[in-house]
Amino acid sequence: MSYLDRYERLLAKDPAQAVQAVAHWIGAEWRPFFAELREARPVLATPAFTLVTRFADVIEVLSREKVFTVRLYGEPMEAVLGGPYMLTQDATPLHWAERGLTQAVLPAHDVPRVRELAGRYADEALDMALPAGRIDAVEGLARYVLLRICGDYLGVPGPDPATLSEWSRASMHDIIRNLPRDPNVHATACAAGSALRAHVSELIAERRRTPGEDALSRLVSLVPPASLGFDELRLMVNGAGLPLGLVENAAQSIVQIIRHLLGREDGVREEAIAAARAGEPFDGYAWEALRFAPFNPLIFRFCERDHRLASGTLIKAGTPVFACTSSAGMDEEAVADPADFRTDRPDFVRLHFGYGPHDCVGKHVGVAVIPEVVRRVLRRPGVALLPGEPIDFDGGPFPRRFPISLGAS
């Protein structure tokens with residue numbers, strides 16, 4: 001029985017169960033589920049949300065910021081950061097001014113520096129784990145690297161790595177994975193945000209006394225005049241926003257890529273390992289693996305007014321809309337031979353960093369860190385998956401544990 005047949009039967013009996021089934025298929029069976037939707041019903045309106053699955057429609061949703069807004073991110077993110085933030089604003093002066101400021105302190109020309117840091121810390125983590133013959137790719141590798149980049153490059157170290165890690169995890173759980181609005185998740189995020197803001201305020205005072213070469217120091221030195229509405233609150237909000245998104249999104253991406261590349265049995269694994277060890281172009285292997293194993297299958301928006309997509313479907317005002325970026329990356333109408341693993345695909349078919357006015361403002365950091373950490377792993381002799389060791393989410397929204405083998409000690 002097809003997904004749509006099962007959905008229609010559940011919908012007739014119990015709409016809530018139908019919505020739960022769709023949510024399960026998105027999480028556990030996204031490739032066949034989305035393939036059926038692209039073919040038979042590319043825009044699926046459920047009682048709780050609407051799914052948009054074709055590439056062109058996904059791009060349209062992510063491009064029309066005044067129609068499909070980021071309203072759903074607003075309350076949880078502003079509660080964490082203590083005020084409005086560029087990522088909670090659509091086409092406002094605050095959004096454009098502070099997005100530009102963030103891009104200025106996270107410039108593309110920093111990619112070599114960030115890549116060098118990522119490689120250094122990845123090798124450090126791998127060397128420490130080598131005597132044991134295995135490493136936890138979540139805590140021992142990905143988060144180890146990313147938390148140090150938060151300190152060295154972003155200029156926002158935690159009081160200690162474990163504390164910053166928990167602040168990040170709690171905040172992002174509420175911001176991007178708590179659409180049911182569980183009050184306990186929200187309360188935990190608010191407490192984490194309060195502690196993060198207090199810590200960042202202390203760091204700002206330190207950077208004023210002793211500036212460095214990190215993003216927070218740049219932000220402090222580039223603060224616009226008060227006449228542009230940038231006061232101490234704006235400085236603190238933007239400073240606290242720097243690490244949000246990096247640790248969770250990049251860590252899960254690194255883990256998903258490692259799992260996918262090491263798990264392939266069609267020659268891709270051997271090609272990727274050879275490229276990593278020979279110093280050949282490697283990044284395409286990472287981004288293509290992430291197309292097959294995305295860290296997040298969709299981006300959500302809120303439809304502010306009735307809108308008819310260019311493909312013809314009307315989306316009603318007040319509808320949460322899921323722009324299914326993972327489905328778009330497999331759309332035969334936009335992606336050549338989507339079932340094939342190809343490292344030479346153009347960037348536009350890979351929506352890992354979003355699209356449009358709210359694409360990832362820190363993507364240059366991710367572009368440097370994610371493939372470099374994976375490359376350092378694949379350079380290690382004996383690296384392999386451990387039998388019976390899947391990525392363990394421990395009931396939460398982000399990976400908690402994923403041990404891999406580094407060969408005999």
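Let's start with one residue pair: Leu385 has Ile404 of strand E10 as its bridge partner. This is a predicted model, and that small pairing is a handy place to enter it. Strand E9 and strand E10, the latter covering residues 403–405, run antiparallel and are joined over 2 bridges. Step back a little, and you will find E9 and E10 in an open sheet of 3 strands, ordered E4-E10-E9, with antiparallel pairing. Strand E4 (134–136) and strand E9 (384–385) are the edge strands here, and each of them pairs on one side only.

The model also holds an open sheet of 5 strands, and this one has mixed pairing, in the order E1-E2-E8-E5-E3. At its edges stand strand E1 (43–45) and strand E3 (68–69); each has a single partner strand, so one side of each is left without a neighbour in the sheet. As a reminder, strands of a sheet pair through backbone hydrogen bonds, in a parallel or an antiparallel sense. Further inside the order, strand E5 (residues 299–303) and strand E8 (residues 320–323) run antiparallel and are joined by 4 bridges. If you would like to look at one of these partnerships, pick Phe300, whose bridge partner in E8 is Phe322. A helix joins the picture too: helix H5 (residues 71–81) lies across E3, E5 and E8, and runs at about 110° to E5.

Now for the helices that pack on one another, beginning at the N-terminal end. Helix H1 (residues 3–13) packs with helix H2 (residues 15–28) at an angle of about 150°, their axes 6 Å apart. That angle is why H1 counts as roughly antiparallel to H2. On the H1 side the contact is made by Tyr3, Arg6, Tyr7, Leu10, Leu11 and Lys13, while H2 brings Pro15, Gln17, Ala18, Ala21, Val22 and Trp25. Sorted by class, this contact has 9 nonpolar, 1 polar and 2 charged residues.

Further along the chain, helix H9 (residues 161–177) and helix H10 (residues 183–209) pack at about 135°, with 8 Å between their axes. H9 and H10 are therefore oblique to each other, and their crossing is left-handed. Among the residues making the contact are Leu164, Trp167 and His173 of H9, together with Val185, His186, Leu196 and His199 of H10. The class count for the contact of H9 with H10 is 8 nonpolar, 6 polar and 1 charged.

Next come H15 and H17, which pack at an angle of about 95° with their axes 9 Å apart. H15 is therefore roughly perpendicular to H17. In this contact, Asp283, Ala286 and Trp287 of H15 meet Gly366, Val367, Ile370 and Pro371 of H17; by class that gives 5 nonpolar, 1 polar and 1 charged residues.

Let's finish with the aromatic rings. Searching the whole structure turns up 12 aromatic pairs. In one of them, Phe292 and Phe341 have ring centres 5.9 Å apart and planes at 15°, so this pair is stacked. Where do Phe292 and Phe341 lie? Phe292 is in helix H15 (residues 283–292), and Phe341 is in the loop between helix H16 (325–328) and helix H17 (363–378), so the pair ties together parts that are 49 residues apart in sequence.

Note on methods:
Residues numbered from 1 in each chain as written. Predicted model: local features only at pLDDT ≥ 70, side-chain atom pairs only at ≥ 80, totals over all residues. Heavy atoms only, no water. Pairing = 2+ DSSP bridges. Contact = heavy atoms within 4.5 Å. Axes fitted to C-alpha atoms, helices over the stretch in contact; angles between N-to-C directions. Parallel < 35°, antiparallel > 145°, perpendicular 65-115°, else oblique. Left-handed = near helix turned anticlockwise from the far one by under 90°. Nonpolar A, V, L, I, M, F, W, Y, C, P; charged D, E, K, R; others polar. Phe/Tyr/Trp six-rings, centres within 6.5 Å; stacked < 30°, edge-to-face > 60°.
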